[in-house]
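User: Could you take a close look at the largest pocket for me? Which residues line the largest pocket?

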Amino acid sequence: MADFAPDMKLVQLAGGSVEQIHRVVEAVEAKLQGAPEGVKELVRHCGLLLQKLLEAQARVEGLLQKLYLADLVKVRSATR
């Protein structure tokens with residue numbers, strides 16, 4: 001049986017990265033209130049970040065499906 005404890009820690013750490021993204025977005029939004037000059041390059045970087053986040057979302061969704069199916073198999077095997 002596989003030990004997923006290290007993986008759970010990594011998933012929790014990744015959640016911290018998401019919180020950091022929230023803080024960055026809030027900081028940029030606050031700056032936009034005062035001086036919206038120079039945002040063109042930031043738009044490009046935010047677009048690239050969004051692309052990476054969407055790719056990560058697809059990977060996490062795929063993993064969740066695999067985990068769900070693995071759990072179903074485990075439950076069905078236990079009931080036989």
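Analyst: Happy to help; here is the pocket, followed by the protein around it. This is a predicted model, where local features need pLDDT of at least 70 and side-chain atom pairs count only at pLDDT 80 or more, while totals for chains, interfaces and linings use all residues. Residues are numbered from 1 along each chain as its sequence is written, and side-chain values use heavy atoms, without hydrogens and water.

The lining of the largest pocket is made of F4, D7, M8, L10, V11, V60, L63, L64 and L67. Two elements, α1 (5-34) and α2 (40-78), each give two or more residues to that lining. (A pocket is an open set of points on a 1 Å grid where a 1.4 Å probe fits, with protein on both sides within 12 Å along at least five of seven lines; lining residues have an atom within 4 Å of a point.)

Now for the surroundings. The protein has two helices and zero strands, counting DSSP runs of at least four residues (H or I) for helices and at least two (E) for strands. Its C-alpha atoms fill a box of roughly 65 × 20 × 15 Å along the principal axes. Buried residues, those under 20% relative accessible area with a 1.4 Å probe, make up 0% of the 80 residues.

How values were computed:
Buried means under 20% relative accessible area, exposed over 50%, partly exposed in between (1.4 Å probe, protein chains only).
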